[in-house]
Amino acid sequence: MERQIKMLWDFRGPNAQPTATHHEVHLKEYVTMKSIPETITGVEQLSAMHTVAFLVTNEAWVAQVREDLKPHRGQVYLPKK
């Protein structure tokens with residue numbers, strides 16, 4: 001199985017959670033438009049003032065997603081067992 005990368009977009013402030021949730025809608029649209037296989041999207045609230053939207057995809061897609069969507073950061077994705 002190819003290594004997967006979790007790309008994250010940080011949202012901060014009192015509207016962080018709804019903004020990140022809305023951003024996830026656009027991530028899903030992008031995945032559909034580009035026909036990217038084996039993806040996971042989601043939102044994680046890290047605190048009352050910091051929420052992230054994320055996209056997990058195979059490493060082969062990372063360069064394209066980075067160029068198109070400019071994630072704030074990324075990390076190797078290790079699924080929970």
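Which residues is Tyr-30 in contact with, leaving aside its neighbours within four places in sequence? The legends below take up this question and others, view by view, for a predicted model.

**View 1. Tyr-30 and its contacts.**
Tyr-30 lies in helix α1. Leaving aside neighbours within four places in sequence, Tyr-30 is in contact with Ile-36, Gln-64, Val-65, Asp-68 and Leu-69. Is Tyr-30 buried or exposed? Tyr-30 has 6% relative accessibility, so it counts as buried, the cut-off being under 20%. One of its contacts, Leu-69, sits 39 residues away along the chain. The C-alpha atoms of Tyr-30 and Leu-69 are nevertheless separated by 9.1 Å.

**View 2. The whole fold.**
The protein has two helices and four strands. Along the sequence they follow the pattern β-α-β-β-α-β. The radius of gyration is 12 Å, close to the 12 Å that the globule rule gives for 81 residues, so the protein is as compact as a globular protein of that length. Its C-alpha atoms fill a box of roughly 40 × 30 × 20 Å along the principal axes. Of the contacts with a separation of 6 or more, 69% join residues 24 or more positions apart.

**View 3. Surface and charge.**
The accessible surface of the protein comes to about 5,200 Å². Carbon and sulfur atoms account for 54% of that surface. Buried residues make up 37% of the 81 residues. The protein carries 10 positive and 9 negative charges. How far apart are the mean positions of these two sets of charges? They are 6 Å apart.

**View 4. The largest nonpolar core.**
This core has 14 residues. Those with the most contacts inside it are Met-7, Trp-9, Phe-11, Leu-55 and Val-65. At least two core residues come from each of β1 (4-12), α1, β3 (50-58) and α2 (62-69). Which element gives the most to this core? Helix α1 does, with five residues. In soluble globular proteins, nonpolar side chains tend to be buried together.

**View 5. Val-65 and its partners.**
Val-65 is among the core residues with the most contacts inside the core. What does Val-65 touch, not counting residues up to four places away in sequence? The list is Met-7, Trp-9, Tyr-30, Ile-36, Leu-55, Lys-70 and Pro-71. Met-7, Trp-9 and Leu-55 also rank among the core residues with the most contacts inside it. Tyr-30 brings in helix α1. Lys-70 brings in the loop between α2 and β4 (73-76).

**View 6. Thr-51 in strand β3.**
Thr-51 is found in strand β3. Its relative accessible area is 0%, so Thr-51 is buried. Which residues is Thr-51 in contact with, beyond its neighbours within four places in sequence? They are Trp-9, Asp-10, Phe-11, Ala-16, Gln-17, Ala-20, Val-43, Glu-44, Gln-45 and Leu-46. Trp-9 and Phe-11 are also among the core residues with the most contacts inside the core.

**View 7. Lys-70 beside Trp-9.**
Lys-70 is found in the loop between α2 and β4. Lys-70 has 56% relative accessibility, so it counts as exposed, the cut-off being over 50%. Leaving aside neighbours within four places in sequence, Lys-70 is in contact with Trp-9 and Val-65. Trp-9 and Lys-70 are 61 residues apart along the chain. Their C-alpha atoms are separated by 8.4 Å.

**View 8. Two positive phi angles between α1 and β2.**
Ser-35 is placed in the loop between α1 (16-34) and β2 (40-47). Its phi is positive, about 55°, although Ser-35 is not a glycine. Ser-35 is exposed, with a relative accessible area of 56%. Glu-38 is placed in the loop between α1 and β2 as well. Phi of Glu-38 is also positive, near 50°, and Glu-38 is a residue other than glycine.

**View 9. Ser-35 and His-50.**
How far apart are the C-alpha atoms of Ser-35 and His-50? They are separated by 30 Å. Along the chain, Ser-35 and His-50 are 15 residues apart.

How values were computed
Residues numbered from 1 in each chain as written. Predicted model: local features only at pLDDT ≥ 70, side-chain atom pairs only at ≥ 80, totals over all residues. Heavy atoms only, no water. Rg over C-alpha atoms; globule rule 2.2 N^0.38 Å. Buried < 20%, exposed > 50% of the residue type's maximum accessible area, 1.4 Å probe, protein only. Contact = heavy atoms within 4.5 Å. Areas by Shrake-Rupley, 256 points an atom, 1.4 Å probe, with all protein chains shown as cover. Lys, Arg positive; Asp, Glu negative; His and termini not counted. Charge placed at Lys NZ, Arg CZ, Asp CG, Glu CD. Core = buried A, V, L, I, M, F, W, Y, C linked by side-chain atoms within 4.5 Å.
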